[in-house]
Amino acid sequence: MPVVELSYTRLQKLVGKVTKKQISDSLPFLGLDIESEDKDLVRVEYSPNRPDYSTDFGIALGLQGLLDIKTGAVKLKIKKSDRYQIFVKSGVSKIRPCVTGIVARNGVIDTKILEQIIQMQEDIHMGIGRKRTKSSIGIHDLDKISFPLTYTTTSRNTKFTPLKFDKEITISEILEQSDVGRNYGYILGNFSKVPIITDSGNNIISLPPIINAAITTVTTKTKNLFVEVTGINKNDAENTLSVVATILESAGFDLESVKISGAKNSPPKLAQKKISVSASLINQILGLNLSTSKICSSLKKSRLDAISKGNRIICTIPAYRFDIFGPMDLVEEAALGYGIQNLEPILTPSQTIGQINPVSLQLKSLNQIMIGLGYLEALNSSLTSKYVLYDMTNRNTAKIISVLDSKSQEHTILRDSILPGLLENLSRNIHESYPQKLFETGTVFTIDDPISEKINFSSISAHKDANFTEIKSILQSALKTGFKITIETKTSSHPTFEAGHCASVISNGKSIGVIGKINSKIVENYKIRMPVVGFEISLSESIL
C-alpha cells in the first residue's frame, strides 16, 4: 500500500480552522491508516483506488468534507482556451494510441509542493497506471514549450537531452542507460519506432511513458505547468488526468483546456457522472433509519453532490472519483459521511438455535481417543503437490485434481489421501527422537461432477519395532472405544504398502480403507530412519 508523509501544520492551513487532534482523529475515518507520527509529521497509508490521497491537497479536501467545513462535490473550473493544441499522428495507434492533457497556470511551487507533485506522479504510475503500462504522466514547465504540440513516432536513433542528463543521447541509449529506461522500456515492445511529443520548434519534450526532456524540467521557479497523459485507452488516460487536475486546482493553479485532435483522439471531458441509489438500501445495509435529507448531507460530507427524488438519491460524482461504480459504493460513502464512529454495532438476530455440528463432536471424540493412545495430531493443508501426493508414494496419477492458477508452486493439487502428508511430516522430523506417532482427520477429494468431498482418518507409527499388529490394534481400539465399531482385515495390495504386509480394512462387509507396513522404498524416498506402519480409512463410509 502506498504511503504519504503529511505535516499537521500544512494540513491545518489547507483544511481551515481545525486542531491537530481533530485531524489525527479524522484521518482513519477517511480510510487512511496512520503508520507513524513524529511531532508535526504523520505518515499515512492509503488505498491505491484513492490516488487523490497521494498529496496533502487531496487529503485536505476529504477532511474538509468530513469535518463539515466544505461539503459537496469538487467542481473543476477549466477555462476553455484555443492557445494549446496537440495534433496526434496515426503512427502512435499501435504503440500507445491515446494522449490527453491540461494546462495549469499561475501557481506557486515551493519545495514541499514539488516533492508532493513528484510523489503523486509516481504513486499514480504504480497504482492506476499499472507501472505506467495503462497510463503515464508527464509534467512540464509550460513556459519552455511552444505550441502546438505533435504526438508522433520517431526512430530509436533520434537524440534529445532527457531529464537529469546534461547531453543529447539516442533513445536507444536512454532505454539502456537510465533507470527509468531499464525499468519501463519493455512497455514500448519491439517496435522500431517509439512515441514522442514535440513542440512547434520540433523539440522533443517527452518520450512517453519513459522520461521527459530536460528542457521542460519543473523547479520551484516554475509558475505554469503543462500536464500530458498517455495511455492505452482514453478512459484510463482521462481518469489519471482528472486526479492530477483536481490536485493542481486545489494547490492554487488555474486550469485551461487543451485541444486534441487526430487518430481518434479528442479533448478530455473530465465530466461528472450521476448514479442513483435507494434510501432504503442505504438504511438497510447500515442498519439505520436516516431521512433522505440526512443521507444527502452524509454523501455531501464525502465530497459528492446529492439530491433526493422521493425515496431515491441522485448522486453527482466528480471525475476523479472513478472508484465509485454503483449503489453499494454510495452506501459506503454515506457511511463515511455519517461517521463510522456513530454506527452502533448490534447482534444480528439469529433465525435458528446454534449448536455444535454432530460430525465435529464425533471427530473431537476420535481425536481425544488417539491422543490418549499416545498419538500426536497433525493438521496438513488440503492443497499439496504432485511430488508429495503421488511421486514419493508410487501412486497412480490418473485421477489427479489440479487447481487452476495456483499462486503457489507447492500447493497445486487437491489431496485424495491423508497418508502422504503424514509421511512428509515424518520426513521433516528425522532429527527428532523415536517413536514418532501421528494421526490426522480431514477432508479428501475425489473426481466427480461436482468434485466430491469426504472425511478420512489416517495414522502412522515410526520406530524400530513398528509392525502390522501394533497399528491394527490402534485402529481397532480407536473405532471400538469411540464408536463401538468392529473391523476385520483382509490381505490385499497397495502401491504405498509393503507386499505381504498390507490388508484392506473391512466394516460391515465393505472395504473402508487400507492398513499395513509402508513400502521400504517409500520410506527411503522420505529419508525416514525407521520402519513405518500406518492406515487410512474413510470415516464418511463407516461412521459419519
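The following paragraphs describe the domains, two sheets, one helix and several individual residues of a predicted model.

Residues are numbered from 1 along each chain as its sequence is written, and side-chain values use heavy atoms, with hydrogens and water left out. Because the model is predicted, local features need pLDDT of at least 70 and side-chain atom pairs count only at pLDDT 80 or more, whereas totals for chains, interfaces and linings use all residues.

The protein chain is divided into domain 1 (3-66), domain 2 (78-261), domain 3 (273-341) and domain 4 (358-538), with bounds that come from an automatic or database domain assignment. Between the C-alpha centres of domain 2 and domain 4 the distance is 62 Å.

An open sheet of 3 strands follows the order β17-β19-β18 with antiparallel pairing; strands here are DSSP runs of E of at least two residues and helices are runs of H or I of at least four, numbered from the N terminus, and two strands pair if DSSP finds at least two bridges between them. The edges are taken by β17 (273-278) and β18 (305-309), each of which has a single partner strand, so one side of each is left without a neighbour in the sheet. On average, and with direction ignored, neighbouring strands of this sheet are turned by 25 degrees against each other, where axes are lines fitted to C-alpha atoms, for helices over the stretch in contact, and angles run from 0 to 180 degrees between N-to-C directions. The antiparallel pairing of β17 with β19 (residues 312-317) extends over 6 bridges, and Lys 273 has Ile 317 in β19 as its bridge partner. Helix α10 (residues 327-338) packs on this sheet by touching β17 and β19, its direction making about 80 degrees with that of β17, where contact means heavy atoms within 4.5 Å. Helix α9 (residues 292-301), in turn, lies across β18 and β19 and runs at about 165 degrees to β18.

A further open sheet, of 6 strands, has the order β13-β12-β11-β8-β5-β16 and mixed pairing. Its edges are formed by β13 and β16 (259-261), each with a single partner strand, so that one side of each is left without a neighbour in the sheet. The strands β12 and β13 run antiparallel and are joined by 2 bridges, and Leu 207 has Ile 211 in β13 as its bridge partner. In the loop between β12 (204-207) and β13 (211-212) lies Pro 209, which is joined to Pro 208 by a cis peptide bond with omega of about 0 degrees.

Helix α4 (residues 111-126) has 16 residues, which at 1.5 Å a residue should span 22 Å, and its end C-alpha atoms are 23 Å apart, which agrees; the expected span is 1.5 Å times one less than the number of residues. At the start of α4, a side-chain oxygen of Asp 110 reaches to within 3.2 Å of the backbone nitrogen of Lys 112. Among the buried residues of α4 are Ile 113, Ile 117, Met 120 and Ile 124, where buried means under 20% relative accessible area, exposed over 50% and partly exposed in between (1.4 Å probe, protein chains only). An α-helix has 3.6 residues a turn, so residues three or four places apart point the same way. The cover over the buried residues of α4 includes β1 (3-7), α1 (8-15), α3 (56-66), β7 (135-141) and α7 (234-250).

Some backbone geometries depart from the usual pattern, since most residues other than glycine have a negative phi and most peptide bonds are trans. Arg 130, in the loop between α4 and β7, has a positive phi of about 50 degrees and is partly exposed at 49% relative accessibility. Asp 68, in the loop between α3 and β4 (78-79), has a positive phi of about 60 degrees and is exposed, with a relative accessible area of 53%. A cis peptide bond with omega of about 5 degrees joins Tyr 434 and Pro 435, the latter lying in the loop between α13 (419-427) and β23 (436-446).

Ser 461, found in strand β24 (residues 452-462), counts as buried at 0% relative accessibility. Its side chain is joined to that of Glu 470 by a polar contact of 2.8 Å, a term for a pair of N or O atoms within 3.5 Å in which, within protein, one must be able to donate a hydrogen and the other to accept it, and for which residues adjacent in sequence count only if both atoms are side-chain atoms. Not counting residues up to four places away in sequence, the residues that Ser 461 touches include Tyr 375, Gln 436, Ile 471 and Val 532.
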